Amino acid sequence: FEKDNGQMRYAELTGEALFEVAKDPDRPFVIQCRDVSIKVLGTSFSLRSSQDSVVVKVLTGKVSVTSTFDNKTAQLEPFQELV
């Protein structure tokens with residue numbers, strides 16, 4: 001599921017995907033995956049969800065990952081991974 005309301009690009013993911021997001025500071029891209037929200041401005045990263053975990057691996061750029069469960073946020077840079 002993906003939508004673009006002109007101010008934000010938004011998608012929901014179940015499963016696994018590789019994203020290459022075009023840089024657009026005026027329209028951040030937000031992906032909801034289980035209990036995790038990923039916000040990017042321009043980057044490439046992989047995202048994999050299973051029944052009990054979410055794995056984010058950054059290839060280029062920076063990604064902000066927020067847990068909707070406890071509202072904790074982590075910033076990831078190239079070659080970093082968060083489980």
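## Close-up views

**View A. Phe 79 lies in the loop between β9 and β10 (81–82).** Welcome to the tour: this is a predicted model, in which local features need pLDDT of at least 70 and side-chain atom pairs count only at pLDDT 80 or more, while totals for chains, interfaces and linings use all residues. Residues are numbered from 1 along each chain as its sequence is written, and side-chain values use heavy atoms, with hydrogens and water left out. Strand names here follow DSSP runs numbered from the N terminus (E, at least two residues, for strands; H or I, at least four, for helices). With a relative accessibility of 75%, Phe 79 counts as exposed; the classes are buried under 20% relative accessible area, exposed over 50% and partly exposed in between, using a 1.4 Å probe and protein chains only. Lys 57 is 22 residues from Phe 79 along the chain, and 6.8 Å separates their C-alpha atoms.

**View B. Phe 19, Phe 29 and Phe 45 are linked into a cluster by ring pairs.** Rings of Phe, Tyr and Trp (its six-membered ring) pair if their centres lie within 6.5 Å; planes under 30 degrees apart are called stacked, over 60 edge-to-face, and the rest tilted. The structure holds 2 aromatic pairs. In one of them, the ring centres of Phe 19 and Phe 45 are 5.2 Å apart and the planes meet at 15°, so this pair is stacked. Phe 19 belongs to strand β3 and Phe 45 to strand β6 (residues 43–49), so the pair ties together parts that are 26 residues apart in sequence. Both partners can be placed by accessibility too: Phe 19 is buried at 14% relative accessibility, and Phe 45 is buried at 0% relative accessible area.

**View C. The largest pocket has a volume of about 170 Å³.** Here a pocket is found on a 1 Å grid over the protein atoms alone, as an open set of points where a 1.4 Å probe fits, with protein on both sides within 12 Å along at least five of seven lines; lining residues have an atom within 4 Å of a point, and a set that the probe cannot get out of is a cavity instead. Grid points are joined across faces, edges and corners, and the volume is the space filled by probe spheres set on the points. Look for Val 36, Val 65, Ser 67, Leu 82 and Val 83, which lie nearest the pocket centre among its 13 lining residues. Two or more lining residues come from each of β7 (54–60), β8 (63–67) and β9 (73–76), and β8 gives the largest share, with 3 residues. By type, the lining has 7 nonpolar, 4 polar and 2 charged residues; Ala, Val, Leu, Ile, Met, Phe, Trp, Tyr, Cys and Pro count as nonpolar, Asp, Glu, Lys and Arg as charged, and the others, Gly among them, as polar.

**View D. Thr 66, in strand β8, shares a side-chain polar contact of 2.9 Å with Thr 73.** A polar contact is a pair of N or O atoms within 3.5 Å; within protein, one must be able to donate a hydrogen and the other to accept it, and residues adjacent in sequence count only if both atoms are side-chain atoms. Thr 66 is buried, at 18% relative accessibility. Setting aside neighbours within four places in sequence, Thr 66 is in contact (heavy atoms within 4.5 Å) with Asp 35, Val 36, Ser 37, Asn 71, Lys 72 and Thr 73.

**View E. Ser 37 sits in strand β5 and is buried, with a relative accessible area of 17%.** Not counting residues up to four places away in sequence, Ser 37 touches Val 30, Ile 31, Gln 32, Ser 64, Val 65, Thr 66 and Thr 68. Of these, Ser 64 is 27 residues away along the chain, with 8.2 Å between its C-alpha atom and that of Ser 37.

**View F. Arg 34 and Asn 71 each have a positive phi.** Most residues other than glycine have a negative phi. Arg 34, with phi near 55°, is found in the loop between β4 and β5 (36–40) and is partly exposed at 43% relative accessibility. Asn 71, with phi of about 65°, lies in the loop between β8 and β9 and is exposed, at 61% relative accessible area.

**View G. Gln 7 is in the loop between β1 (2–4) and β2 (9–12).** Gln 7 counts as exposed at 62% relative accessibility. Beyond four places in sequence, Gln 7 touches Asp 26, Arg 27 and Pro 28.
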